[in-house]
Amino acid sequence: MAERLARRVVAAGAAGCVVAGAVAVTVAVVAGPGPGPTGYVSEAGVTDSGYAGAYRMGILTLAAALLLLAGALPAVARAASVLLGAGAVATVLSGTVTCSAGCPLPPFEAATVADLVHGGASIAATAAVVFAMLALVFAPAVGVALRRVAAVGAALALPLAGAVGLAMLLVGRGTLVGVLERVLLTVTAAWGLATAVLLVRKGPLLTPGP
């Protein structure tokens with residue numbers, strides 16, 4: 001009973017961090033001097049941006065959300081918890097290593113080492129969250145509600161992630177990549193919030209379901 005209550009408290013912390021982190025990043029992206037939807041979200045964190053501090057704080061808060069969510073999941077969802085923990089580490093790296101102006105990435109732009117580290121960490125963090133969704137979908141001992149939310153999240157995130165990857169390789173930085181990236185990040189944040197709220201309301205949800 002005490003463990004279940006503790007997991008609910010941790011899940012509540014995860015939900016709060018998702019909301020706070022998403023708001024901070026959104027404010028930095030919308031109010032900052034970045035190029036709007038034609039650029040990467042990470043451009044809000046460039047050192048010259050007046051909102052770089054808010055952006056980094058938001059990213060680190062989202063990393064905390066992933067770590068808390070990993071701790072709130074039931075023991076039978078160990079694979080998803082490990083993936084979320086890895087995603088948290090990658091998110092911290094993404095938030096602490098700032099890209100240069102425009103956040104250039106190959107193959108269309110010359111990138112610095114910091115750009116590659118930042119971009120790689122950001123991609124790894126997003127991939128870890130998407131794979132965590134899949135791990136929950138294929139965890140039969142996890143309750144049906146968690147698996148349903150994960151299935152919806154994965155069904156939306158997988159094609160978006162593929163589209164972002166292809167657009168980055170074939171088109172490069174621009175409106176297409178910018179919009180797709182924002183939609184993908186919105187889906188992952190929504191999944192994290194929905195999962196955390198479920199864990200707060202119903203606990204670990206250990207009862208298997210169809």
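**Exercise 1. Leaving aside its neighbours within four places in sequence, which residues is E181 in contact with?**

Before starting, note that this is a predicted model, in which local features need pLDDT of at least 70 and side-chain atom pairs count only at pLDDT 80 or more, while totals for chains, interfaces and linings use all residues. Residues are numbered from 1 along each chain as its sequence is written, and side-chain values use heavy atoms, with hydrogens and water left out.

*Solution.* Step one is to place the residue: E181 is found in helix α6, where helices are DSSP runs (H or I, at least four residues) numbered from the N terminus. Step two is to list its partners, taking contact to mean heavy atoms within 4.5 Å; with neighbours within four places set aside, these are G39, Y40, V41 and V164. Step three is to compare sequence with space for one of these partners: E181 and Y40 are 141 residues apart in sequence, and their C-alpha atoms are 7.4 Å apart in space. Step four concerns accessibility, for which buried means under 20% relative accessible area, exposed means over 50%, and partly exposed lies in between (1.4 Å probe, protein chains only). With a relative accessible area of 16%, E181 is buried.

**Exercise 2. Find the salt bridges of the whole structure and say which parts the pair R173 and E43 ties together.**

*Solution.* Begin with the general idea that side chains of opposite charge can pair when their charged atoms come close. The criterion for a salt bridge is a side-chain nitrogen of Lys or Arg within 4 Å of a carboxyl oxygen of Asp or Glu, and a search of the whole structure finds two. In one of them, the side chains of E181 and R182 meet at 3.9 Å, N to O. In the other, the side chains of R173 and E43 meet at 2.9 Å, N to O. R173 lies in the loop between α5 (144-170) and α6 (175-202), and E43 in the loop between α1 (2-31) and α2 (52-72), so this pair ties together parts that are 130 residues apart in sequence. The two partners can then be described by accessibility: R173, at 34%, counts as partly exposed, whereas E43, at 9%, counts as buried.

**Exercise 3. Examine the backbone of the loop between α3 and α4 at C103 and P107.**

*Solution.* The rule to keep in mind is that most residues other than glycine have a negative phi, and most peptide bonds are trans. C103, which lies in the loop between α3 and α4, has a positive phi of about 45° although it is not a glycine. C103 is also buried, with a relative accessible area of 5%. Further along, P107 is found in the loop between α3 (78-96) and α4 (113-137), and the peptide bond from P106 to P107 is cis, with omega near 10°.

**Exercise 4. Describe helix α5: how many residues has it, and which elements do its buried residues pack against?**

*Solution.* First take the length: α5 has 27 residues and reaches 39 Å from its first C-alpha to its last, close to the 39 Å expected at 1.5 Å a residue; the expected span is 1.5 Å times one less than the number of residues. Next take the buried side, where the residues include L146, A150, G153, A157 and V164, and where the buried residues of α5 pack against α4 and α6. Then look at the surface, where L166, L169, L170, V171 and L176 make a nonpolar patch of about 520 Å², with α5 giving the largest share, three residues. L169 lies in helix α5 and, at 54% relative accessibility, counts as exposed. Finally, α5 is followed by G172, whose phi is positive, near 90°.

**Exercise 5. Which elements give two or more residues to the largest nonpolar core?**

*Solution.* A nonpolar core is a set of buried Ala, Val, Leu, Ile, Met, Phe, Trp, Tyr and Cys residues joined through side-chain atoms within 4.5 Å. The largest has 40 residues, and among those that touch the most other members are L69, L84 and W191. The elements asked for are α1, α2, α3, α4, α5 and α6. Taking L69 as an example, and not counting residues up to four places away in sequence, its contacts include A14, L84, W191 and L199. A second, separate core of seven residues includes V25, A28, V29 and Y55.

Methods. Patches are made of residues with over 30% relative accessible area and no salt bridge: like charges are joined within 9 Å, nonpolar side chains (Val, Leu, Ile, Met, Phe, Trp, Tyr) within 5 Å. Accessible areas come from the Shrake-Rupley method with a 1.4 Å probe; for residues, only the protein chains shown count as cover.
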